[in-house]
Amino acid sequence: MRKTAFTKIVTSALSTLLLTAGLITSSFAGPESLRDNSKDKMVQAVEPTCDPRWYISIGGGVDFNQGEFSNGLVTTAGLTDLDIKSRDWNDVYNNFFRGQVEVGYVLTNHIELFAQFRYTSASSNLVHGSTASLFGISTREYFSEWSDYNSWGGDVGVRYFFLGKQAKIRPYISLAGGAAWVDSIRLHATQSSPFFVGGQPFTIYDGGFYDETTVWSGAAMLGVEFNVTCHVAVGIESGVRYESTLDGNDRDFNADPLAAINALAALNNDNGDRLSVPVTVYAKLRF
């Protein structure tokens, strides 16, 4: 009887101890995990989309030009009959090389806004074929050479891609407008003469022809861009660019006492505008 009572007391104590230990363990164990062990599988992290908004590009190319550089002139000035040929840009200059830097912003999946700076230079040619006839008897040929061409300019514009940013090959069209500063251009003209030993050419004019000029420009381009990586692309483009007329410099012509030289001032009147077909290759870095 005594043993039965003792057994009950021990059993009751053990039950109380186990219940207390269970409550303490539950208190320090924290909330129950919500993980569903029956669906124990790893979820793949989604990689962030590569979507740079700004870019800078560096490029270069050549310009193929159209348009007249100087006027023609057929007139009699004093005792001299002049037959001066008009000259286009390709007569006067060759090797129009251009370098450019562009900074842009990706506005939408198809549209970029950009600002472009460019430098253009060309070397001059020796031009001949114009003539002067003194007293209508002795006809001599003119040789003309203008100073090299140098220009600095900038445009702002918009570019529309026909395919989205994720495409590997992206054709596009762009429109831009701006201004350029063209360095002054001088003329050095010589003429062969029978009055000098061997008929060697002598200088008849060496002075200004066009002043430093700020010209307005507009361009429309077609191109294609190749995405190498998310941050690097290369491209090629071509189209048309127009630059307005240059400012004629008549000061040195008018200062010369010879009527024939004065008459040459008409060669630079309202001329010197340039229509070109630029071909450009470039590399673009996005960030």
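Visitor: Which word fits both Glu 112 and Arg 159, buried or exposed?
Guide: This is a predicted model, in which local features need pLDDT of at least 70 and side-chain atom pairs count only at pLDDT 80 or more, while totals for chains, interfaces and linings use all residues. Residues are numbered from 1 along each chain as its sequence is written, and side-chain values use heavy atoms, with hydrogens and water left out. A residue is buried under 20% relative accessible area, exposed over 50% and partly exposed in between (1.4 Å probe, protein chains only). By that rule, the word for both Glu 112 and Arg 159 is buried.

Visitor: What is the N to O distance where the side chains of Glu 112 and Arg 159 meet?
Guide: Side chains of opposite charge can pair when their charged atoms come close. A salt bridge here is a side-chain nitrogen of Lys or Arg within 4 Å of a carboxyl oxygen of Asp or Glu. The salt bridge of Glu 112 and Arg 159 has an N to O distance of 3.3 Å.

Visitor: How many residues apart in the chain are Glu 112 and Arg 159?
Guide: Helices (H or I, at least four residues) and strands (E, at least two) are DSSP runs, numbered from the N terminus. Glu 112 belongs to strand E7 (residues 111–124) and Arg 159 to strand E10. This pair therefore links distant parts of the chain, under the strand numbering just given, and the separation is 47 residues.

Visitor: Which residue forms a salt bridge with Arg 274?
Guide: The closest N and O atoms of this salt bridge are 3.6 Å apart, and the partner of Arg 274 is Glu 243. Arg 274 lies in strand E16 and its partner in strand E15 (residues 232–243), 31 residues apart. Both are buried, and they belong to a network of salt bridges that also links Asp 63, Arg 98, Arg 118, Asp 155 and Arg 241. The partner of Arg 274 is thus named as Glu 243.

Visitor: Over which ring does the charged end of Lys 284 sit?
Guide: Lys 284, in strand E16 (residues 274–286), also meets Glu 225 of strand E14, 59 residues apart, in a salt bridge of 2.9 Å, N to O. A charge sits over a ring if NZ of Lys or CZ of Arg is within 6 Å of the ring centre and within 35 degrees of the ring normal. The charged end of Lys 284 is 4.1 Å from the centre of the ring of Tyr 55.

Visitor: What is the strand order of the closed barrel?
Guide: Two strands pair if DSSP finds at least two bridges between them. In the barrel, twelve bridges join strand E6 (residues 93–106) to E7, eleven join strand E10 (residues 149–161) to E11, and E11 pairs with strand E14 (residues 213–227) over 14 bridges. The pairing is antiparallel, and the eight strands run E1-E6-E7-E10-E11-E14-E15-E16.

Visitor: Which strands are the edge strands of the open sheet?
Guide: The open sheet has six strands in the order E3-E4-E8-E9-E12-E13, with antiparallel pairing. Within it, seven bridges join strand E8 (residues 126–134) to strand E9 (residues 138–146), and Ala 132 stands opposite Arg 140. An edge strand pairs on one side only, and the two are E3 (73–77) and E13 (202–210).

Visitor: What kind of aromatic pair do Phe 69 and Trp 89 form?
Guide: Rings of Phe, Tyr and Trp (its six-membered ring) pair if their centres lie within 6.5 Å, and planes under 30 degrees apart count as stacked, over 60 as edge-to-face and the rest as tilted. Phe 69 is in strand E2 (residues 68–70) and Trp 89 in helix H2 (residues 89–92). Their centres are 5.0 Å apart and their planes stand at 80°, so the pair is edge-to-face.

Visitor: How many residues apart in sequence are Trp 146 and Phe 209?
Guide: Trp 146 and Phe 209 form an edge-to-face pair, 5.5 Å centre to centre with 75° between the planes, and both residues are buried. They belong to one aromatic cluster, whose members include Phe 69 and Trp 89. Trp 146 lies in strand E9 and Phe 209 in strand E13, so the pair ties together parts whose separation in sequence is 63 residues.
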